[in-house]
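This briefing covers one protein chain, shown below. The points after it are grouped by topic.

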Amino acid sequence: MNSYYLLINFLKDQLLNDPDVNTVIHGLASDVDLEKKNIYPLAHIEVLRAGFPQGLVRVDFKVTVLDQRMVSKTVSTDKFRKNDNEIDNLNTCLAVLNKLVFYLKNQNNTDNIELLNEPEAEPILFEFGNTLDGWSMEFNLIASNNVTLC
């Protein structure tokens, strides 16, 4: 059975193909920013659970896209934009997730990977210890279950 490899590599490849993503990692959410050599924006793939509907493998993922908040040393009088790039980060990271969902909904792949749900994104502001902003989204992918019985 290689369905897990198929799904996680499929996601990794789609995220790496996005020009707004520089690094793709996977693992626990607590591991998002432990590597100090990460180049942002970063996409993090977390596996939440899996199921086995008839003839299929379903894997539930959480993808988080983050960018570093940069605070300008110059004083800003703009009370809306302030003196940082929070709005820019949120825009870029949401665009990455939007493109991923669009691709998952409209792609025609030879592996018959399908999106099962209608994902919703949640904002992340100033988190993970390194002043990161972005969006997180949970979704379910299915693929054929190619397990064989001996």
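Of the 150 residues of the protein chain, 40% count as buried. The model is predicted. The chain has 2 helices and 6 strands, and from the N terminus on these elements run α-β-β-β-α-β-β-β.

**Overall contacts and surface**

- Among contacts between residues at least 6 apart in sequence, 59% join residues at least 24 apart.
- The protein chain exposes about 9100 Å², and carbon and sulfur atoms supply 52% of that area.
- Tyr4, Tyr5 and Val47 make a nonpolar surface patch of about 300 Å².
- Within that patch, tyrosine 4 belongs to helix H1 and counts as partly exposed because its relative accessibility is 36%, between the limits of 20% and 50%.

**Aromatic pairs**

- The whole structure contains 2 aromatic pairs.
- One of them is formed by phenylalanine 10 and tyrosine 103, a tilted pair with 6.1 Å centre to centre and 35 degrees between the planes.
- This pair links distant parts of the chain: phenylalanine 10 is in helix H1 (residues 3-16) and tyrosine 103 is in helix H2 (residues 86-106), 93 residues apart.
- Phenylalanine 10 has a relative accessible area of 9% and is buried, whereas tyrosine 103, at 32% relative accessibility, is partly exposed.
- Phenylalanine 61 and phenylalanine 139 have ring centres 6.1 Å apart and planes at 35 degrees, so this pair is tilted.
- Here too distant parts of the chain are linked, with phenylalanine 61 in strand E3 (residues 56-68) and phenylalanine 139 in strand E6 (residues 132-144), 78 residues apart.
- Both phenylalanine 61 and phenylalanine 139 are buried.

**Salt bridges**

- A search of the whole structure finds 6 salt bridges.
- Among them is the one between lysine 12 and aspartate 13, whose closest N and O atoms are 3.7 Å apart.
- Both ends of that bridge are partly exposed: lysine 12 has a relative accessible area of 31%, and aspartate 13 is at 35% relative accessibility.
- Aspartate 18 forms a salt bridge with lysine 99, and their closest N and O atoms are 3.1 Å apart.
- Aspartate 18 lies in the loop between H1 and E1 and lysine 99 in helix H2, so this bridge ties together parts that are 81 residues apart in sequence.
- Aspartate 18 is buried, with a relative accessible area of 7%, whereas lysine 99 is partly exposed at 36%.
- Lysine 105 and glutamate 118 meet through their side chains in a salt bridge of 2.6 Å, N to O.
- Lysine 105 lies in helix H2 and glutamate 118 in the loop between E4 and strand E5 (121-127), so this pair ties together parts that are 13 residues apart in sequence.
- Lysine 105 counts as partly exposed at 43% relative accessibility, while glutamate 118 counts as exposed at 56%.
- Asp18, Asp20 and Lys99 are joined into one network by salt bridges that share partners.

**Serine 136**

- Serine 136 is found in strand E6 and is buried because its relative accessible area of 7% is under 20%.
- The side chains of serine 136 and threonine 64 are joined by a polar contact of 3.1 Å.
- Leaving aside neighbours within four places in sequence, serine 136 is in contact with Lys62, Val63, Thr64, Leu97, Glu120, Ala121, Glu122 and Ile124.

**Glutamate 114**

- Glutamate 114 has its place in strand E4 (residues 114-115) and is partly exposed, with a relative accessible area of 45%.
- Not counting residues up to four places away in sequence, glutamate 114 touches Gln107, Asn140, Leu141 and Ile142.
- For one of these residues, asparagine 140, the C-alpha atom is separated from that of glutamate 114 by 8.4 Å, and the two residues are 26 residues apart along the chain.

**Cis peptide bond**

- Tyrosine 40 and proline 41 are joined by a cis peptide bond, with omega about 0 degrees.
- Proline 41 is found in the loop between strand E1 (23-26) and strand E2 (42-51).

Methods: Residues numbered from 1 in each chain as written. Predicted model: local features only at pLDDT ≥ 70, side-chain atom pairs only at ≥ 80, totals over all residues. Heavy atoms only, no water. Phe/Tyr/Trp six-rings, centres within 6.5 Å; stacked < 30°, edge-to-face > 60°. Helix = DSSP H or I, 4+ residues; strand = E, 2+ residues; numbered from the N terminus. Buried < 20%, exposed > 50% of the residue type's maximum accessible area, 1.4 Å probe, protein only. Contact = heavy atoms within 4.5 Å. Areas by Shrake-Rupley, 256 points an atom, 1.4 Å probe, with all protein chains shown as cover. Patch = residues over 30% accessible without salt bridge, like charges linked within 9 Å, V, L, I, M, F, W, Y side chains within 5 Å. Salt bridge = Lys/Arg side-chain N within 4 Å of Asp/Glu carboxyl O. Polar contact = N/O pair within 3.5 Å; in protein donor to acceptor, adjacent residues only side chain to side chain.
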